[in-house]
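The following report describes a structure through its contacts, its strand pairing and its nonpolar cores. Please keep the sequence and the model in view while reading.

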Amino acid sequence: MSGDTPYTPPAVWTWEQKSGGAFASINRPIAGPTHDKDLPVGQHPFQLYSLGTPNGQKVTILFEELLDRGITDAEYDAFLINILEGDQFSSGFVEVNPNSKIPALLDRSTSPPTRVFESGAILLYLAERFDAFIPTDAAARTECLSWLFWQMGSAPYLGGGFGHFYAYAPTKMEYPINRFTMEAKRQLDVLDRRLAESAYLAGDDYSIADIANWPWYGKLALGELYDAGEFLSVHTYKNVLRWANAIEARPAVQRGVMVNRTWGPAEKQLHERHDASDFELRTADKLPSQDPAE
């Protein structure tokens, strides 16, 4: 017996009630803005509008890695988008990302400014712009892009599938938890087998493939996502753990995961980032604690 409530879908679905769960207040079956509000603009060419979820962390980690390489043209402003307050549905945000999801980037160094949305597209845009963290050799570059797009296609099953039903759904249901647990473990095994062959996903060098995957699968392997480490037996994925720990030790990664973070220990939060000195001057703003890693 699964314990799941049987459900017969109607002939035509209509939106009559909230879906339930941790993010019911922001889920809706239509796109577009709900209110008029311009986005703030800082002093740097790159304007990032985001939240410190795994998808947001990809971009802030890459920015910090670029700055660590001395690429000063990669300086950026990171503004907080509070998704539980509906900031992603403002007219200004929708203009940058019509999909109303974080992260969204505006490159004001171009005329007119270039908008970039979807985290994988932002990583590729910045890597190509600065010729960094992406291989130049054709075969290695192809491998890198394969793992980048693997993450984009696989993580929805981890977050919207496993994470939702295990951590955020209003009730625990056996069938979807079993279904997506199987897939989450399969994905960890895919990574573990690859990382048995090479230090990083694209080969010997750290790249945007690793930056894309680590906030999801590295954090999962370290037991820091969905409080599911024991449930998934993450300790058995030895190669993923080796990789996850190596990336976590990087100073740029440690800074990147703090940016636009509004939950957890205060010393690990930097709600907005406008200059490198913000990491030393940070204080926890009075925003409600939230963990929207869906």
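With which side chain does the side chain of Glu224 make a polar contact? The partner is the side chain of Lys219, at 2.8 Å, where a polar contact is a pair of N or O atoms within 3.5 Å, one of which, within protein, must be able to donate a hydrogen and the other to accept it, residues adjacent in sequence counting only if both atoms are side-chain atoms.

This is a predicted model, in which local features need pLDDT of at least 70 and side-chain atom pairs count only at pLDDT 80 or more, whereas totals for chains, interfaces and linings use all residues. Residues are numbered from 1 along each chain as its sequence is written, and side-chain values use heavy atoms, with hydrogens and water left out.

Glu224 is placed in the loop between α6 and α7 (229–232), helices (H or I, at least four residues) and strands (E, at least two) being DSSP runs numbered from the N terminus. With a relative accessible area of 43%, Glu224 is partly exposed, a class that lies between buried (under 20%) and exposed (over 50%), for a 1.4 Å probe and protein chains only. Neighbours within four places in sequence aside, Glu224 is in contact (heavy atoms within 4.5 Å) with Lys219 and Glu248.

An open sheet of 4 strands follows the order β2-β1-β3-β4 with mixed pairing, two strands being paired if DSSP finds at least two bridges between them. Because β2 and β4 each have a single partner strand, they stand at the edges, and one side of each is left without a neighbour in the sheet. Two of the pairings are set out below.

| Pair | Sense | Bridges | Opposite residues |
|---|---|---|---|
| β1 and β2 | parallel | 5 bridges | Leu48 and Ala78 |
| β3 and β4 | antiparallel | 4 bridges | Leu106 and Arg115 |

β3 is joined to β4 by a hairpin through 6 residues.

The largest nonpolar core, a set of buried Ala, Val, Leu, Ile, Met, Phe, Trp, Tyr and Cys residues joined through side-chain atoms within 4.5 Å, has 69 residues, and those with the most contacts inside it include Leu66, Phe162, Ile208 and Trp243. Among the elements that give two or more residues to this core are β1 (46–50), α3 (119–130) and α6 (208–221), while α4 gives the most, with 10 residues. Residues touched by Ile208, not counting those up to four places away in sequence, include Leu62, Leu123, Phe133 and Leu148.
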